[in-house]
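Me: Please take me through this structure in questions and answers. I should like the terms explained as they arise.

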Amino acid sequence: MPSQQPILEVRDLTVEYDTGSSPVVAVDSVDLDVHAGEFVGVVGESGCGKSTLLFAIAQLLSPPAAITGGSVHFQGQDLVAMNEKKLAALRWRDYSVVMQSAMNALNPVKSIGSQFRDAIMSHDERVDDDRPAEVMRMVGIDPIHLRSYPHQLSGGMRQRAMIAMALLFTPDMIIMDEPTSALDVVAQRSLMVQIKELQQQLGFAVVFVTHDMSLVSHFSDQLMVMYAGQVVEFGATRAVFDHPAHPYSKGLLDAFPSIRGPKQPLTGIPGTPPNLAHPPSGCRFHPRCPVAFEDCPKIEPELYQVGPIQARCLLHAPGQTQPAEPVQEVTS
Amino acid sequence: MTDVSVDSKSSTGQDSGASTAPLLETKKLTRHFRVGRGLSRQMLHAVDDVDLTIDRQEIVALAGESGSGKSTIARLLAGVYQPTSGEIYYQGRPTSSMRSRKDQLAYRGDVPMVFQDPFSSLNPAFRVSHGILRSLKLHRPELTRAQRLEEAERVVEAVGLSPAGDIMHRYPYELSGGQRQRVGFAQALAHKPKLILADEPVSMLDVSIRIGLLNLMSELRETEGVSFLYITHDIASARYVADRLAIMYAGHIVESGPAESVLANPKHPYTDLLLGAVPDPRAPLTAAVEGDTGEPPKVIDPTPGCRFRWRCPLVVDECHQTTPTLRILGTNHEAACHVAEPDA
Ligand SMILES: Nc1ncnc2c1ncn2[C@@H]1O[C@H](COP(=O)(O)OP(=O)(O)OP(=O)(O)O)[C@@H](O)[C@H]1O
Ligand SMILES: Nc1ncnc2c1ncn2[C@@H]1O[C@H](COP(=O)(O)OP(=O)(O)OP(=O)(O)O)[C@@H](O)[C@H]1O
Ligand code: SF4
Ligand code: SF4
Ligand SMILES: [Mg+2]
Ligand SMILES: [Mg+2]
């Protein structure tokens, strides 16, 4: 590792969508450190603010979204204060972004190959002529598709084309928003193994949003669980999987069906996702929490240290008298 | 759960004449695309000779390799693409014979599609309510304005989007990926459809909301007799909801059968590879597919022979000469492989 300093330092980051009435606080005081060569997984309910967080880190937000507080430092530079021209020089070369919608991110009227060339041309760095074909092969697509337009590719091929683009100049950090949701498990695994190998060779950092817990469990070093715009749990992936400290994470880990064993009816986490314009009082998870107690609607929990993990749950507050090892059977 | 008797409950009963024909059937459905330009022009075989049947009140899951032709099948069934050859029969009637506007409208109302990419399939110029209300007006003209609004709120809530009134007022770009995906699903529900072509409808949803949607599919199947073509990469979810599972590789259906039977007793080597790669988040990563490079299949101007032969651990001489076709190997269970063995 080149230095102890994190490559990415996110402090107290808050992002709001101005809706005219009460703003939607999609990212609420998020802290995150990512070191060189580290792989950080981000999971959480649909609509909890994951994409917004990534956009805010990459400085890709557009109105009505705006950063209303906090900072983002990348390699020591403050990205929030940086102008668009300087950002454009960093993007793709120093950090790259794979967005949730490949279709939105790609230009529909340009072939994949010419979009790759555009990205290369916008930087002074030299790139081998056969680099585009090389990265396409890396992600498992026949380079003949460099001549294809986005609509001529399948969903999974488009996603892989986006990942290929992110690898054009081996950047120092790659931010990915559900980059493999349209891939079959065989292709997904071989791609992830490749990314992991490249990462070990080249030492870039990865921040990775996914709904796929198995991807996280096998590839990420650190795991961040979000709920209603906030970090509710953070720690080494294995530690979180083995002993989730927050009832929401526990529910998430318990909720998936399996291809083996007896088939069981599943219910998921009961209740509805919170309204981010008017989040519940106290702990935001309290209306759905199976182990909520009388303090939960009244006191806003902070992130408390629970062994190697941080969790935003009052059960882990210092001096808490409630039994602090509940949450065994959440869904039953 | 898999034992749904086919003709017991025809959803609305208005299809009396063709009640013995399957709800939807394809015969040798084929779609090719041209790729490249000028001299390097080649033909990409997205879908070749697909025979697929979906019965009333049946959930058929379609899984398989990325780029193998699943979305193309759904688009052919939805009439977005025209077949290169082959035919689609809806309640016994070839869809190519449905020429009048009225017939086409009725078909599209009965068989709506949920598109794979919710970022490009929702019109950014209109609020969420627009698409839902419009299709209600088009396909269920008997409803009054107030009933349409009520119905729209009902379907939005059914897919777990709340408060429905707030969501309906938003534009697509004001929604997250998974929220958009559910708007697409809600739109399809509004039709009172017979068959929903759902192309990866849950890929952007966390497990909890995903299960809610899967339960909704089962419920609609039970209470309203809706059938589904459920395209997914999530094999565990296919097992959870589907009666039948079909596996695609490089434009062909290579295996199909009762979901439990395909999972417990896969016949095709690709199915084996696929199931071996389904990760278990609780277990450490196994080496099951170590060494498999996930090489793209050769579907551009393919030559005869099995399209899986370059990756197949069981390949024999015949695989290089003859394209295998589906053979019955177990109860309602078939696979297209020269060496696959029937049940004892
Ligand atoms: N322009 C907007 N105006 C108001 N609210 C918005 C706007 N864009 C997004 N939101 C809301 O912000 C919240 C966070 O959205 P975001 O896209 O970050 O979610 P996500 O965690 O990525 O979800 P998913 O997993 O479904 O993609 C959502 O509840 C969404 O409805
Ligand atoms: N309009 C088109 N023009 C040219 N080629 C196309 C077109 N649509 C699809 N294809 C090609 O057809 C093949 C099958 O694509 P399809 O979208 O059906 O795959 P899929 O099975 O849905 O994959 P995924 O799981 O990645 O979504 C791909 O090779 C794709 O490039
Ligand atoms: S603080 Fe209370 S409601 Fe929130 S997660 Fe902990 S126990 Fe549940
Ligand atoms: S036909 Fe031959 S190459 Fe194809 S799957 Fe069977 S054994 Fe393998
Ligand atoms: Mg998102
Ligand atoms: Mg597809």
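Reply: In the residue classes used here, Ala, Val, Leu, Ile, Met, Phe, Trp, Tyr, Cys and Pro count as nonpolar, Asp, Glu, Lys and Arg as charged, and the others, Gly among them, as polar. This is a predicted model, in which local features need pLDDT of at least 70 and side-chain atom pairs count only at pLDDT 80 or more, while totals for chains, interfaces and linings use all residues. Residues are numbered from 1 along each chain as its sequence is written, chains are lettered from A and ligands numbered from 1 in the order in which they are written, and side-chain values use heavy atoms, with hydrogens and water left out.

Me: How many nonpolar, polar and charged residues are in the shell around ligand 4?
Reply: A residue is near a molecule or strand if one of its heavy atoms lies within 4 Å of it. The residues surrounding ligand 4 include H268(B), C306(B), R309(B), C312(B), C319(B), C337(B) and H338(B). By class, the shell has nine nonpolar, two polar and one charged.

Me: Which elements give two or more residues to the shell around ligand 1?
Reply: Ligand 1 is surrounded by residues from chains A and B, so its site is shared between chains. A polar side-chain atom of H211(A) is 3.0 Å from an oxygen atom of the ligand, and one of Q179(B) is 2.7 Å from an oxygen atom of the ligand; a polar contact is a pair of N or O atoms within 3.5 Å, and within protein one must be able to donate a hydrogen and the other to accept it, with residues adjacent in sequence counting only if both atoms are side-chain atoms. With helices (H or I, at least four residues) and strands (E, at least two) taken as DSSP runs numbered from the N terminus, the elements are β2 (24-34) and α1 (50-58) of chain A together with α7 (177-190) of chain B.

Me: Which five of the 23 residues around ligand 1 come nearest?
Reply: The shell comprises seven nonpolar, twelve polar and four charged residues. Those that come nearest are S46(A), S51(A), T52(A), S176(B) and G178(B).

Me: What share of the accessible area of ligand 2 does the protein cover?
Reply: Ligand 2 has residues of chains A and B around it, so this site is shared between chains. An oxygen atom of ligand 2 lies 2.7 Å from a polar side-chain atom of S154(A), another such distance is 2.8 Å to a backbone N or O atom of K70(B), and a polar side-chain atom of H233(B) is at 3.0 Å from an oxygen atom of the ligand. Accessible areas come from the Shrake-Rupley method with a 1.4 Å probe, and for residues only the protein chains shown count as cover. Of the 640 Å² that ligand 2 has on its own, the protein covers 95%.

Me: Which residues are the protein donors of the magnesium ion that is ligand 6?
Reply: Donors are N, O and S atoms within 2.8 Å of the metal (3.2 Å for Na, K and Ca), and water is not among the atoms, so sites may look incomplete. For ligand 6 the donor atoms are an OG and an OE1, lying 1.9 to 2.2 Å from the ion. The donors are S71(B) and Q116(B).

Me: Is S51(A), a donor to the magnesium ion that is ligand 5, buried or partly exposed?
Reply: Ligand 5 is coordinated by S51(A) (OG) and Q100(A) (OE1) at 1.9 to 2.3 Å. S51(A) lies in helix α1 of chain A and Q100(A) in the loop between β6 (95-98) and α3 (102-105), so the pair ties together parts that are 49 residues apart in sequence. Buried means under 20% relative accessible area, exposed over 50% and partly exposed in between (1.4 Å probe, protein chains only); Q100(A), at 9%, is buried. At 22%, S51(A) is partly exposed.

Me: What is the omega of the cis peptide bond between S162(B) and P163(B)?
Reply: P163(B) belongs to the loop between α5 (145-158) and α6 (164-168) of chain B. The omega of its cis bond to S162(B) is about -5 degrees.

Me: What is the phi of E178(A)?
Reply: E178(A) is found in the loop between β7 (173-177) and α7 (185-202) of chain A, and its 3% relative accessibility makes it buried. Although E178(A) is not a glycine, its phi is positive, at about 45 degrees.
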